[in-house]
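I opened a fresh notebook page for this one and went through the structure piece by piece. Here is what I looked up, in the order I looked.

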Amino acid sequence: MASEKLFEPRIVGFLCNWCSYAGADLAGTSRTQYPPNVRIIRVPCSGRVDPLFVLKALQDGADGVMVLGCHPGDCHYQQGNYIAQRRYALMHRLLEFIGVESGRLYVDWVSASEGKKFAQIVTEFTEQVRALGPSAIRPRPAGVALAAGEVCA
Amino acid sequence: MSSQQEQIREAARAYLEGGVVSVVIGYEHGPKGQVRPAFVYEAGDVDRLIWSRECNQNLTTYLHSFKHSPRRGAPVPRVAVVVRACDARAVNLLLHEQQIERDNIKVIGVVCGDREARGQERQACRYCQEREPVIYDTLVEPEAPVKLSETPDDYADILEMEEWAPQERLAYWLTEFDRCIRCYACRQACPGCYCFECVAEQVDPHWSSIAVELPEKFFFHVMRAFHLAGRCVGCDACEAVCPMDIPLSKLNRKLAKEVEDLFGYRTGDDPAALPPLATFNPEERLPL
């Protein structure tokens, strides 16, 4: 089917200002290629990412959500990523129980020096969500499929 | 020993006559014979209070109505509340979250009657192993020995659902949530849902539209379930009041199961223990 070929996942990425956003910046300045499907939102800390944000993104039609923060022990605010870790361990299990494939939510730690790792994570996650297909929570109207490279939905 | 109803009335009378509390929250019969919450202010009115198998509301929700001073200079009212074992853990939750003060409440803890008779419908009663409430000032003893469940909740229905394909589960929940009329009865009946401004109705930031459409309903229920993660006491008040019979207890029990699995925590057992999502452990590495 043509529409399936055209499916480009819409991914929302919440990146912590101190590590992961800088990591993404490094990926950019080093000209590392990664898929343009991720829309990055800069947040002060992964602990700022209320699971509400993830739900809101899914409700508004995101096909995948990624939350990236500093490595454990490296949090600029000492404890934000530990709190995020507890939340998202639960959120994963809740989303899976609701029937949102757990592959649609990705939580990991990326430091400011890990531009390569960031690019790799985005590439892998995009492929993973592409394989899962469009999210069923807010299906797109028939015929509205994003063409490759289209930025805004 | 006198009946549990008599014991509740005696305790209420003693509290009101002694001036210990200004109001007793209990159960009474409504005009059509239904059981409804009762607010008794006069010792002469305590005979309105009843105790029966149908007393299924979680009255600790109403403690929120009495946690502030009614007018400037007036003291915060003292309240007595009739609780079952599950509701008592909600009292602990509210004490822990500093919503109420221990000195301002008197807890009339009822040892629920025969579980088999009580718990035909309610999931919460089916596996209940609690005889005495975890917190009480006056204990209302049963007339006959109480039959407790011999096994803890085995989460059989949850485990069965976990075996389904994700698409099946999503279809199941979207069908269930689609019936929701967004009346917020579940939220109102819940002792843990006490935000001044609920995310579902907040205008700035406007998280969720007021539309009664599937994405908004999905958002509301998953958000509410997650807000109660590690806080739900499992009284099933939300499910009991739902006019559309949405199986909300399945969501809450799933989260209770995961919280127990990840953090070994059960809500309300220990008022001193920090709820798992309010704290952290630098040593732990959880599956993400």
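These entries go from confidence to chain B, then to the contact between the chains, and end on one helix of chain A.

**Confidence.** I started by reminding myself that this is a predicted model. The predictor gives the complex an ipTM of 0.87 and a pTM of 0.89. For chain B I noted a mean pLDDT of 90, with 97% of its residues at 70 or more. I also kept a general caution in mind: where pLDDT is low, the predicted coordinates should not be read in detail.

**Chain B as a whole.** I looked up the secondary structure of chain B and found ten helices and five strands. The C-alpha trace of chain B spans about 60 × 50 × 50 Å along its principal axes. Does the radius of gyration of chain B agree or disagree with that of a compact globule? With 288 residues, a compact globule would come out near 19 Å, and chain B has 20 Å, so the two agree. I then checked burial, and 39% of the 288 residues of chain B count as buried. Taking contacts in chain B between residues at least 6 apart in sequence, I found that 70% join residues at least 24 apart.

**Where the chains meet.** How many residues does each chain bring to the contact? I wrote down 29 from chain A and 27 from chain B. On the chain A side, α3 (51-59), α4 (80-98) and β4 (105-109) each supply at least two residues. The largest share of that side comes from α4(A), with 14 residues. I sorted the chain A residues that touch chain B by type and got 17 nonpolar, five polar and seven charged.

**A closer look at α5 of chain A.** I picked helix α5(A), residues 115-132, which has 18 residues. From its first C-alpha to its last, α5(A) reaches 26 Å, close to the 26 Å expected at 1.5 Å a residue. Which residues of α5(A) are buried? My list reads G115(A), F118(A), A119(A), I121(A), V122(A), F125(A), T126(A) and V129(A). Looking down the axis of α5(A), I saw that these buried residues fall within an arc of 160°, so they line one face of the helix. What do they pack against? I found β1 (11-16), α2 (20-29), β2 (38-43), β3 (64-69) and β4, which belong to chain A. Last, I checked what follows α5(A), and it is G133(A), with a positive phi near 90°.

Terms used. Residues numbered from 1 in each chain as written. Chains lettered and ligands numbered in written order. Predicted model: local features only at pLDDT ≥ 70, side-chain atom pairs only at ≥ 80, totals over all residues. pLDDT = per-residue confidence, 0-100. Contact = placed C-beta atoms within 7 Å. Helix = DSSP H or I, 4+ residues; strand = E, 2+ residues; numbered from the N terminus. Nonpolar A, V, L, I, M, F, W, Y, C, P; charged D, E, K, R; others polar. Rg over C-alpha atoms; globule rule 2.2 N^0.38 Å. Buried ≥ 20, exposed ≤ 12 C-beta atoms within 10 Å, placed from the backbone. Expected span 1.5 Å × (residues − 1). Arc of directions from axis to C-beta.
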